[in-house]
Amino acid sequence: MTDLLEAVRAQAAVPQSPLFASLPGDVATSFEFFPPKSEKMEAQLWDAVQTLAPLGPEFVSVTYGAGGSTRERTHNTVARIARETALKPAAHLTCVAASKAEIDEIAEQYWEAGVRHIVALRGDPPPADGGTFVPHPEGYASAADLVAGLKARRDFDISVAAYPEVHPEAASAQSDLDNLKRKLDAGANRAISQFFFSTDAYFRFLDKALAAGITVPILPGIMPVTSFAAIRRMSGDTTEIPAWMEAMFTGLDDQPGARALVAGAVAADLCCRLYQGGVRNFHFYTLNRAEQAYAICHMLGVRPKEIG
Ligand SMILES: Cc1cc2nc3c(=O)[nH]c(=O)nc-3n(C[C@H](O)[C@H](O)[C@H](O)COP(=O)(O)OP(=O)(O)OC[C@H]3O[C@@H](n4cnc5c(N)ncnc54)[C@H](O)[C@@H]3O)c2cc1C
């Protein structure tokens, strides 16, 4: 596997054809959404879901607000996807500000609604609460703990978070990797990465994970840049923003059309490099907008399933 990846990467150093021309469409996709706060946002979310659904994603996931603030909305969104579409929804669930009994009850409600996939996270408290995670006295202490708790009750399909550029609270890159291994050993089936803009960082991380005996998929999280200021805010200490990216987006704040085209080109280039490096699973942070994800999937050779 490593040799093959390295051979493909070496061959990929010089692009053979313009961007993605002639890709066979051999990639699997998944899309992340967030629960809407208003009717208008709800309409936007459904528009995105309906646009992306024909691409046949492996699953679509719905985030859980900091501090459990979207408990109802996440549940309602996930349940509606399960009820009204043929998509396989995955519900994000965190350990923040809730006892084990409360979290177990939420998980049980998902199971009863036919939801079989949980993205199990520790979560972060809302910034207003100081930003430092302190486990609930009767709660799960970490994502690994949550995975074990979920698995003990139901045979959920479980995804967990991975950090190619290291989680900011980790003592070291090695201890963060050990933590990922703990989550997988507790029963998680795959990892989804924090978004990144350095393919080198992602590939180095894959190599280290493989050397640590991690063989499950680690889906790259792809974040198309809709607003550079927002990306900078979301990156925090977890994702490095390369200088070239800042240069690329400087001067486009008041040019939404041009910015969207540049964002598409940047994300397409990232995915092209990942594809050439052997990646075949892509997870898109859609921010409830379909255009960028749809365009990149199209360039990766993905077509609506009805058309074939
Ligand atoms: C794909 C993805 C989706 C996300 N979705 C959401 C969401 O919906 N809602 C939300 O609030 N947040 C979400 N987050 C953010 C996430 O909650 C935060 O990054 C949080 O700070 C860490 O969560 P975790 O599950 O990675 O925690 P953990 O895996 O528990 O790790 C947290 C930190 O503790 C360290 N650690 C854990 N256990 C040990 C141990 N035994 N010894 C030493 N160190 C340890 C880890 O190395 C790491 O630094 C998401 C992140 C990703 C990548």
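Helices (H or I, at least four residues) and strands (E, at least two) are DSSP runs, numbered from the N terminus. The model toured here is predicted: local features need pLDDT of at least 70, side-chain atom pairs count only at pLDDT 80 or more, and totals for chains, interfaces and linings use all residues. Residues are numbered from 1 along each chain as its sequence is written, and side-chain values use heavy atoms, with hydrogens and water left out.

**First stop: helix α8**

Select I231, which is found in helix α8 (residues 228–235). I231 has a relative accessible area of 1% and is therefore buried; buried means under 20% relative accessible area, exposed over 50%, and partly exposed in between (1.4 Å probe, protein chains only). Add I241, ten residues further along the chain: the two C-alpha atoms are separated by 8.7 Å.

**Second stop: the ligand**

Select the ligand and the residues near it, that is, those with a heavy atom within 4 Å of it. This shell holds 22 residues, and the closest are Y64, D124, Y163, D176 and K183. Its residues divide into eight nonpolar, eight polar and six charged. In this division Ala, Val, Leu, Ile, Met, Phe, Trp, Tyr, Cys and Pro count as nonpolar, Asp, Glu, Lys and Arg as charged, and the others, Gly among them, as polar.

Which elements each supply at least two residues of the shell? They are β3 (89–94), α6 (173–185) and β6 (190–195). Of the elements, α6 gives the most, with four residues.

Now display the polar contacts (pairs of N or O atoms within 3.5 Å; within protein, one must be able to donate a hydrogen and the other to accept it, and residues adjacent in sequence count only if both atoms are side-chain atoms). A nitrogen atom of the ligand is 2.6 Å from a polar backbone atom of Y64. At H92, an N or O atom of the side chain is 2.9 Å from an oxygen atom of the ligand. At K183, the corresponding distance from a side-chain N or O atom to a ligand oxygen is 2.7 Å. The protein covers 81% of the 980 Å² of accessible area that the ligand has on its own, as computed by the Shrake-Rupley method with a 1.4 Å probe, where for residues only the protein chains shown count as cover.

**Third stop: helix α2**

Select residues 39–52, the 14 residues of helix α2. At 1.5 Å a residue they should span 20 Å, and the end C-alpha atoms are 20 Å apart, which agrees; the expected span is 1.5 Å times one less than the number of residues. Colour L45, W46, A48, V49 and L52, the buried residues of α2. They lie on the same side of α2 because they cover an arc of only 160 degrees around the axis, the arc being that of the directions from the helix axis to the C-beta atoms. Rotate to the face turned away from this buried side to find the exposed residues E39, K40 and Q50.

**Fourth stop: two loops**

Select N288, in the loop between β8 (281–285) and α11 (291–299). With 2% relative accessibility, N288 counts as buried. A polar atom of its side chain lies 2.9 Å from the backbone nitrogen of F34.

Next select P135, in the loop between β4 (117–121) and α5 (143–153). Its relative accessibility of 38% makes P135 partly exposed.

**Last stop: helix α10**

Select A258 in helix α10 (residues 256–276). Here the relative accessibility is 32%, so A258 counts as partly exposed. A258 and R204 are 54 residues apart in sequence and 32 Å apart in space, C-alpha to C-alpha.
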